[in-house]
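Hi there,

Here is the structure I promised to pass on. Have a look at it first, and then read my notes below.

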Amino acid sequence: MKAKKPFFLHRANRKTVTKVLILALATPIILSSPAGTRVLTRQLGRELTKRLSNREDERLSPENVRQTLYKIKSKGYYRPVIKPNGRTRFELTIKGERLLKEYQFADMGPVRPVRWDGRWHFVSFDIPQKASYARDIFRDKLKRMGFFQVQQSLWVYPYECKREIDFIIDFLHIERYVFVFRTTIEEDKRLREYFQKRGFEL
């Protein structure tokens with residue numbers, strides 16, 4: 001079976017107004033008053049501006065938010081859904097959900113909980129050549145997240161990260177090639193020193 005090429009934007013981590021709004025629309029917004037498309041878009045813009053009011057970004061002016069909403073709606077990233085009670089629910093489309101995942105994937109970094117539980121979390125993979133594109137991205141993401149490479153296809157991290165790894169392998173469509181497990185190691189001095197030098201509290 002031919003491996004699927006993941007939807008990956010090399011510029012997905014750019015701080016654009018589109019990105020901010022897509023991330024904000026990950027939680028749908030419901031407006032109570034029925035109105036025309038343009039009026040609803042203005043109302044949605046006001047609600048999003050409120051939701052983003054704590055962000056110090058001059059690009060997030062009400063007018064810029066509205067203009068960007070029109071643009072991303074025309075591209076099919078979100079849609080209004082009229083509910084039986086007359087309210088309008090604004091939600092991401094399948095295309096918008098894909099773009100959201102691209103942004104979330106690009107933003108993923110080290111997982112740093114408050115306290116280490118003493119267990120080590122391993123990621124092992126055997127990704128075939130036919131999926132080399134995904135394999136290279138996966139390896140690069142592990143590096144960026146701060147994993148230590150034990151062997152060519154065996155990486156370790158001190159903190160619980162299964163949720164993040166599950167997201168990554170689902171995004172890259174490599175579920176069948178990756179194995180995640182956790183264990184304690186009696187002689188882990190080398191590992192602890194490696195992560196402590198990089199600011200991890202172990």
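What follows is a short tour, from the whole chain down to two helix pairs and one residue.

Please keep in mind that this is a predicted model.

**The chain as a whole**

The chain has 202 residues, and 39% of them are buried. Its secondary structure consists of seven helices and seven strands. If you walk along the sequence, you meet them in the order α-β-α-α-β-β-α-β-α-β-β-α-β-α. Taking the contacts between residues at least 6 apart in sequence, 72% link residues at least 24 apart. The accessible surface is about 12500 Å², and carbon and sulfur atoms account for 47% of that area.

**Helix 2 and helix 3**

Helix 2 covers residues 37-51, and helix 3 covers residues 62-74. Their axes come within 9 Å and cross at roughly 125°, so helix 2 and helix 3 are oblique to each other. The crossing of this pair is right-handed. On the helix 2 side, the contact is made by T37, R38, T41, R42, L44, G45, L48 and T49, while helix 3 contributes P62, V65, R66, L69, Y70 and K73. By type, the residues of this contact divide into six nonpolar, four polar and four charged.

One residue here that you may want to click on is T41 of helix 2. Is T41 buried or exposed? With a relative accessible area of 2%, T41 falls under the 20% cut-off, so T41 counts as buried. Setting aside its neighbours within four places in sequence, T41 is in contact with L69, Y70 and Y78. Both L69 and Y70 appear among the helix 3 residues of the contact with helix 2.

**Helix 5 and helix 6**

The other pair joins helix 5 (residues 132-145) and helix 6 (residues 162-172). How do these two run relative to each other? Their axes come within 10 Å and cross at roughly 155°. That angle is over 145 degrees, and helix 5 and helix 6 are therefore roughly antiparallel. Their crossing is right-handed. Helix 5 brings A134, I137, F138, K141, L142 and M145 to the contact, and helix 6 brings E164, I165, I168, I169 and L172. These residues divide into nine nonpolar, no polar and two charged.

I hope this helps you find your way around.

Best wishes

Definitions and conventions. Residues are numbered from 1 along each chain as its sequence is written. This is a predicted model: local features need pLDDT of at least 70, side-chain atom pairs count only at pLDDT 80 or more; totals for chains, interfaces and linings use all residues. Side-chain values use heavy atoms; hydrogens and water are left out. Helices (H or I, at least four residues) and strands (E, at least two) are DSSP runs, numbered from the N terminus. Buried means under 20% relative accessible area, exposed over 50%, partly exposed in between (1.4 Å probe, protein chains only). Contact means heavy atoms within 4.5 Å. Accessible areas come from the Shrake-Rupley method with a 1.4 Å probe; for residues, only the protein chains shown count as cover. Axes are lines fitted to C-alpha atoms, for helices over the stretch in contact, and angles run from 0 to 180 degrees between N-to-C directions. Angles under 35 degrees count as roughly parallel, over 145 as roughly antiparallel, 65 to 115 as roughly perpendicular and the rest as oblique. A crossing is left-handed if the near helix is turned anticlockwise from the far one by less than a right angle, and right-handed if clockwise. Ala, Val, Leu, Ile, Met, Phe, Trp, Tyr, Cys and Pro count as nonpolar, Asp, Glu, Lys and Arg as charged, and the others, Gly among them, as polar.
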